[in-house]
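Subject: Structure handover

Hi,

Here is the structure I promised to pass on. Please open it alongside this note.

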Protein chains: 2
Amino acid sequence: MAYAEVLSALADPTRRGLYERLARRPHRVGELARLARLSQPSVSQHLRVLSDAALVTHERDGTRRHYRASRAGLDELRTYLESMWDDVLAAYAAGDPAPPKKTAPKKTQMTRAPR
Amino acid sequence: MAYAEVLSALADPTRRGLYERLARRPHRVGELARLARLSQPSVSQHLRVLSDAALVTHERDGTRRHYRASRAGLDELRTYLESMWDDVLAAYAAGDPAPPKKTAPKKTQMTRAPR
DNA sequence: CAACAATATAAGCCATGGCTTATGCAGAGG
DNA sequence: CCTCTGCATAAGCCATGGCTTATATTGTTG
């Protein structure tokens, strides 16, 4: 159920902004903080969430860390979306015209045209 | 930017649960409340969020309303994901091996947080 | 080792949002 | 017309989470 983490990670606008920067090119933590006008700790926290969701990876470079976007998290979410898509289509194929009345019919039900 | 609403709508587990039920088949509000073990107002609120994100639609049936999942919201999100996917791939193609050391010798640095 | 640099973690503050109960409102039927 | 049913909206409570400052950790360098 990793898609859940991906969804909540990308739901936050600030975090999504960071991710979108990383999707274009790798950045250092300090760089992101400056560009996004956030404190460095805040960026670190967001990066941890993105990392837990497999949306980013990082490499050490001395005392610095280069973060970059990863495909893994996106893939998780895409798979989930596709299964939902399939369900929705199947549901339409099954009961398209109008939802049936499920309540037990009381007595003589007069079928009237709605509206 | 409708994908933002879709992301935050699906980020909540309860709301996602409701959406997944609707993806399988249409439901009435009271049905959802009973199945999800939530109060009816809570379900109504979730349905409003899902509706604003174009993830569900509804039809009136007397005093009842039949909600069903819609493809529109999913499509918004899928489009966004694909553009992110493309960005990530392009970034890898551009600077794959290792992020270059870009730091020129400097002297000024300030770590300050904006207010 | 001392001093500095870059990032991570800790702790606390505050707004957001999800849940509940109470209430409003429209449609169906006696 | 009155009432009941099914849902929406209002109001308030409380936990979650994102932001900040302060501090710890790790690596580099003289």
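Below is what turned up, starting with the DNA and then moving to one helix and two loop residues.

This is a predicted model.

**DNA strand D**

DNA strand D is surrounded by 24 residues. The closest are A:His46, B:Gln40, B:Ser44, B:Thr63 and B:Tyr67. By class, the surface near the strand has 12 polar, 7 charged and 5 nonpolar residues.

Which part of the DNA faces the protein, sugar and phosphate or bases? Of the atoms of strand D within 4 Å of the protein, 68% are in sugar or phosphate. The rest are in bases.

Three side chains of chain A have polar atoms by phosphate oxygens of strand D:

- A:Ser39, at 2.9 Å
- A:Arg15, at 3.0 Å
- A:Thr14, at 3.2 Å, through an N or O atom

Several elements give two or more residues to this surface. From chain A they are helix H2 (13–24) and helix H4 (40–52). From chain B they are helix H3 (29–36), helix H4 (40–52) and strand S3 (64–69). H4(B) gives the largest share, 5 residues.

**Helix H4 of chain A**

H4(A) has 13 residues. Its first and last C-alpha atoms are 18 Å apart, close to the 18 Å expected at 1.5 Å a residue.

Which residues of H4(A) are buried? They are A:Ser42, A:Val43, A:His46, A:Leu47 and A:Leu50. Viewed down the axis of H4(A), the buried residues fall within an arc of 135°, so they line one face of the helix. The spacing fits a general rule: an α-helix has 3.6 residues a turn, so residues three or four places apart point the same way.

On the other side of H4(A), A:Gln45 and A:Arg48 are exposed. The cover over the buried residues includes helix H1 (2–11), H2, helix H3 (29–36), strand S2 (56–61) and strand S3 (64–69) of chain A.

A:His46 is worth a second look: it is buried in H4(A), and it is also among the residues closest to strand D.

**Two positive phi angles**

A:Arg37 is not a glycine, yet its phi is positive, about 55°. A:Arg37 sits in the loop between H3 and H4 of chain A. A:Arg37 is exposed, with a relative accessible area of 66%.

A:Ala54 is not a glycine either, and has a positive phi of about 60°. A:Ala54 follows H4(A), in the loop between H4 and S2 of chain A. A:Ala54 is partly exposed, with a relative accessible area of 29%.

Best wishes

Conventions:
Residues numbered from 1 in each chain as written. Chains lettered and ligands numbered in written order. Predicted model: local features only at pLDDT ≥ 70, side-chain atom pairs only at ≥ 80, totals over all residues. Heavy atoms only, no water. Near = heavy atom within 4 Å. Polar contact = N/O pair within 3.5 Å; in protein donor to acceptor, adjacent residues only side chain to side chain. Helix = DSSP H or I, 4+ residues; strand = E, 2+ residues; numbered from the N terminus. Nonpolar A, V, L, I, M, F, W, Y, C, P; charged D, E, K, R; others polar. Expected span 1.5 Å × (residues − 1). Buried < 20%, exposed > 50% of the residue type's maximum accessible area, 1.4 Å probe, protein only. Arc of directions from axis to C-beta. Contact = heavy atoms within 4.5 Å.
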